[in-house]
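Here is a friendly walk through one protein model for someone who hasn't met it before. Have a look at the sequence and the 3D view, then read on.

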Amino acid sequence: MEGKTYIVGREGHIYLNDPSVSRQHAEIKFVDGKIRLRDLNSSNGTYVLKDNQRVQVQEGYVKPTQPIAIGLRQCTVQSLLANVGVHASYSDADGLTIALEKQA
C-alpha cells in the first residue's frame with residue numbers, strides 16, 4: 001500500500017455527497033507506514049478534531065481513528081478507507097504501526 005493515494009470529495013475514489021465538500025477536497029496517502037492527510041485547496045477546509053475543537057490541516061499525519069472533518073462532514077480516515085475496501089488500524093505499544101488489509 002506504500003504510496004497509494006485516495007482522493008476524497010464529490011468526485012474521486014472516496015465519494016462524499018455533501019455540498020460543503022469540494023469536488024476533489026482532500027487526499028489520503030500512505031507514506032513510510034503512516035497515513036498522510038492533505039487538503040487539496042478545498043473551499044471549506046480539512047480539519048482534525050482535538051478536544052472538540054476543529055484544527056485546520058493543510059497537510060499532516062493522522063491515525064486511522066482520529067476524528068476529522070471534510071468540510072462540515074465529520075468522520076475518521078478509517079471510515080473513509082472502508083468505502084474503498086481498505087482496513088486501517090494502529091497500535092501505540094511500540095509507536096505508530098499501520099496495518100492495511102484488503103477487505104473482501
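What follows goes from the overall make-up to the strands, then to two residues and the salt bridges.

**Ground rules**

This is a predicted model, so keep the cut-offs in mind: local features need pLDDT of at least 70, side-chain atom pairs count only at pLDDT 80 or more, and totals for chains, interfaces and linings use all residues. Residues are numbered from 1 along each chain as its sequence is written, and side-chain values use heavy atoms, with hydrogens and water left out.

**The overall make-up**

The protein has one helix and eleven strands. Here helices (H or I, at least four residues) and strands (E, at least two) are DSSP runs, numbered from the N terminus. Reading along the sequence, you get β-β-β-β-β-β-β-β-β-α-β-β.

The protein has 104 residues, and 43% of them count as buried. Buried means under 20% relative accessible area, exposed means over 50%, and partly exposed is in between (1.4 Å probe, protein chains only). The accessible surface comes to about 5,900 Å², with 42% of that belonging to carbon and sulfur atoms. Those areas come from the Shrake-Rupley method with a 1.4 Å probe; for residues, only the protein chains shown count as cover.

Contact here means heavy atoms within 4.5 Å. Among the contacts with a separation of 6 or more, 37% are between residues 24 or more positions apart.

**How the strands line up**

In general, strands of a sheet pair through backbone hydrogen bonds, either parallel or antiparallel. For this model, two strands pair if DSSP finds at least two bridges between them.

Five strands make an open sheet with mixed pairing, in the order β2-β1-β3-β4-β7. At its edges sit β2 (14–15) and β7 (59–62), each pairing on one side only. Inside that order, β1 (residues 5–9) and β3 (residues 26–31) run antiparallel and are joined by four bridges. One partnership to look for is V8 with A26 in β3.

Now move to β8. Strand β5 (residues 46–50) pairs with β8 (residues 67–70) in the antiparallel sense over three bridges, and Y47 has A69 of β8 as its bridge partner. Strand β8 also runs antiparallel to β9 (residues 73–76), with four bridges between them; there, I68 is matched with C75 in β9. The hairpin of β8 and β9 has two residues between the strands, and in it G71 takes a positive phi near 65 degrees.

**Two residues of β5**

What does T46 touch beyond its neighbours within four places in sequence? The list is H25, A26, L37, D39, V55, Q56, V57, A69 and I70. T46 lies in strand β5 and counts as buried because its relative accessibility is 0%. Its side chain also makes a polar contact of 2.6 Å with the side chain of D39. (A polar contact is a pair of N or O atoms within 3.5 Å; within protein, one must be able to donate a hydrogen and the other to accept it, and residues adjacent in sequence count only if both atoms are side-chain atoms.)

L49 is in strand β5 too, and it is buried, with a relative accessible area of 17%. Leaving aside neighbours within four places in sequence, L49 is in contact with R54, P67, I68, A69 and Q74. L49 and C75 are 26 residues apart in sequence, and their C-alpha atoms are 9.8 Å apart in space.

**Salt bridges**

Side chains of opposite charge can pair when their charged atoms come close. A salt bridge here is a side-chain nitrogen of Lys or Arg within 4 Å of a carboxyl oxygen of Asp or Glu. The whole structure holds four of them, including these:

| Pair | N to O distance |
|---|---|
| R23 and E11 | 3.6 Å |
| R38 and E27 | 3.2 Å |
| R36 and E59 | 3.3 Å |

R23 and E11 form a salt bridge; R23 lies in the loop between β2 and β3 and E11 in the loop between β1 and β2, so the pair ties together parts twelve residues apart in sequence. R23 is exposed at 51%, whereas E11 is partly exposed at 43%.

R38 pairs with E27. R38 sits in strand β4 (residues 34–39) and E27 in strand β3, so this pair ties together parts eleven residues apart in sequence. R38 is partly exposed at 27%, while E27 is buried at 9%.

R36 pairs with E59, linking strand β4 to strand β7 across 23 residues. R36 is buried at 16% and E59 is partly exposed at 46%. Through shared partners, salt bridges join E27, R36, R38 and E59 into one network.
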